[in-house]
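Let's take a walk through this fold, going from the sheet outwards. Have the viewer open and follow along.

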Amino acid sequence: MRRINSFGNNYKMDYSNLHLKPEIRTVCFDIDGTLIDERVPGAQIHPRHLGGNYLLELLARYGAQHSEKAESEILDYIKENLFWDYDDIIVEFGLDYDRVMASMREWHLGEFVVLWDRVRLLHELYRRGYQIQVISNNPYMGCLMKLELAEIVGSNGIGLLSGVHGSNNGLGQKHDPAFWRRVLELTGVPAGHMAMIGDNPLEDSYVPLQAGFGQAIIVQDTLNLEELSSVSV
Ligand SMILES: [Mg+2]
């Protein structure tokens with residue numbers, strides 16, 4: 001099982017082993033398993049939840065106040081609109097935005113822990129002058145709610161990030177090479193200047209490197225700086 005690091009505020013990390021290639025200008029982070037993690041594995045995506053996504057079940061609960069068929073209607077909606085985001089569903093079903101958002105935020109607070117050592121790495125790279133972006137399989141709104149937990153984005157917008165790319169703006173998921181091509185078009189940064197940091201060897205390393213990314217770094221278990229220098233491709 002994944003170990004979760006949580007250093008005290010005074011902990012000073014040594015980044016001397018962190019070697020990004022000289023051509024790298026933009027460093028992209030994955031979210032799940034990289035910046036935050038489930039408190040209990042399987043809470044987020046589970047077959048007992050509507051469409052495997054707990055938040056859709058939560059939306060169906062609110063939708064049921066308007067229609068007894070909310071669950072099947074939401075499933076139909078996401079099948080017809082593959083690149084949905086949570087706010088699309090809120091608008092489509094006339095749900096109370098503030099109430100739904102409050103419930104979703106509360107759910108996130110209960111279900112996830114922040115991997116603060118990774119978040120500190122993100123801040124350190126920003127301080128070093130790299131552009132920081134996020135690339136995730138979550139829809140854009142899901143990305144923002146998770147990044148909010150990690151205090152990376154706030155009510156004023158995406159803060160220090162220069163881009164957030166999710167399933168509905170990349171039009172797909174990270175295992176799909178076409179997703180990376182679209183993300184590269186959105187960033188406008190030459191692929192060779194981009195590095196990806198994530199926890200999934202296929203989605204965060206193999207596929208982005210195939211798409212031309214200059215470097216990919218896989219973080220596993222606790223952040224291991226030796227690993228950062230040796231696993232990079
Ligand atoms: Mg991940």
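Two residues count as being in contact here if their C-beta atoms, placed from the backbone, lie within 7 Å. Keep in mind that this is a predicted model. With that cut-off, Leu-59 touches Ile-74, Tyr-86, Ile-89, Leu-95 and Val-100, leaving aside residues up to four places away in sequence. We'll meet Leu-59 again in the core.

First, the overall picture. The protein has nine helices and seven strands. Of its 233 residues, 34% are buried. Take the contacts between residues at least 6 apart in sequence: 66% of them join residues at least 24 apart.

Now find the sheet. Five strands make up an open sheet, in the order E5-E4-E1-E6-E7, with parallel pairing. E5 (161–165) and E7 are the edge strands, each pairing on one side only. From one strand to the next, the twist averages 20°.

Start with E1, residues 26–29, which pairs with E6 in the parallel sense over four bridges. Along that seam, Thr-26 stands opposite Met-194, and Cys-28 stands opposite Met-196. On the other seam, E1 pairs with E4 (residues 131–135), again parallel and over four bridges. There, Phe-29 has Val-134 in E4 as its bridge partner. In a regular strand the side chains alternate between the two faces of the sheet. E1 shows this pattern: Thr-26 and Cys-28 point one way, Val-27 and Phe-29 point the other way, and all are buried.

How many of the five residues of strand E6 are buried? Five of the five, so this strand, residues 194–198, is largely enclosed by the rest of the structure. Both of its faces are covered, with Met-194, Met-196 and Gly-198 on one side and Ala-195 and Ile-197 on the other.

Carry on to E7, residues 215–218, which runs parallel to E6 and is joined to it by four bridges. One of the pairings to look for is Gly-198 with its bridge partner in E7, Ile-218. To get from E6 to E7, the chain goes through helix H8 (residues 201–210), and this β-α-β crossover is right-handed. H8 lies across E6 and E7 and runs at about 170° to E7.

Next, the core. In soluble globular proteins, nonpolar side chains tend to be buried together. The largest nonpolar core in this model has 49 residues, and those with the most contacts inside it are Cys-28, Leu-59, Val-134, Leu-144, Ala-195, Met-196 and Ile-197. Which element gives the largest share of this core? That is helix H6 (residues 140–149), with six residues. The core also draws at least three residues from each of domain 1 (26–35 + 115–231) and domain 2 (50–110). Several names on that list have come up before: Cys-28 belongs to the E1–E6 seam, Val-134 is the bridge partner of Phe-29, and Ala-195 and Ile-197 share one side of E6.

H6 deserves a stop of its own. Eight of its ten residues are buried, so the helix is largely enclosed by the rest of the structure. The buried ones are Tyr-140, Met-141, Gly-142, Cys-143, Leu-144, Met-145, Lys-146 and Leu-147. What do they pack against? The neighbours are strand E2 (36–38), helix H3 (86–92), helix H4 (97–111), strand E3 (112–114), E4 and E5. After H6 comes Glu-151, whose phi is positive, near 60°.

Finally, look at Leu-125, which lies in helix H5 (residues 116–127). Is this residue buried or exposed? Leu-125 has 22 other C-beta atoms within 10 Å, and 20 or more is what buried takes, so it is buried. Among residues more than four places away in sequence, Leu-125 touches Val-27, Tyr-130 and Ile-132. One of these, Val-27, takes us back to E1, where it points the same way as Phe-29. Leu-125 also ends up 9.9 Å from Leu-20, C-alpha to C-alpha, although the two are 105 residues apart in sequence.

Terms used: Residues are numbered from 1 along each chain as its sequence is written. This is a predicted model: local features need pLDDT of at least 70, side-chain atom pairs count only at pLDDT 80 or more; totals for chains, interfaces and linings use all residues. A nonpolar core is a set of buried Ala, Val, Leu, Ile, Met, Phe, Trp, Tyr and Cys residues joined through C-beta atoms within 7 Å. A residue is buried if 20 or more other C-beta atoms lie within 10 Å of its own, exposed if 12 or fewer, and partly exposed in between; C-beta atoms are placed from the backbone. Helices (H or I, at least four residues) and strands (E, at least two) are DSSP runs, numbered from the N terminus. Domain bounds come from an automatic or database domain assignment. Two strands pair if DSSP finds at least two bridges between them. A crossover is right-handed if, with the strands pointing away from the viewer, the path from the first strand over the helix to the second runs clockwise. Axes are lines fitted to C-alpha atoms, for helices over the stretch in contact, and angles run from 0 to 180 degrees between N-to-C directions.
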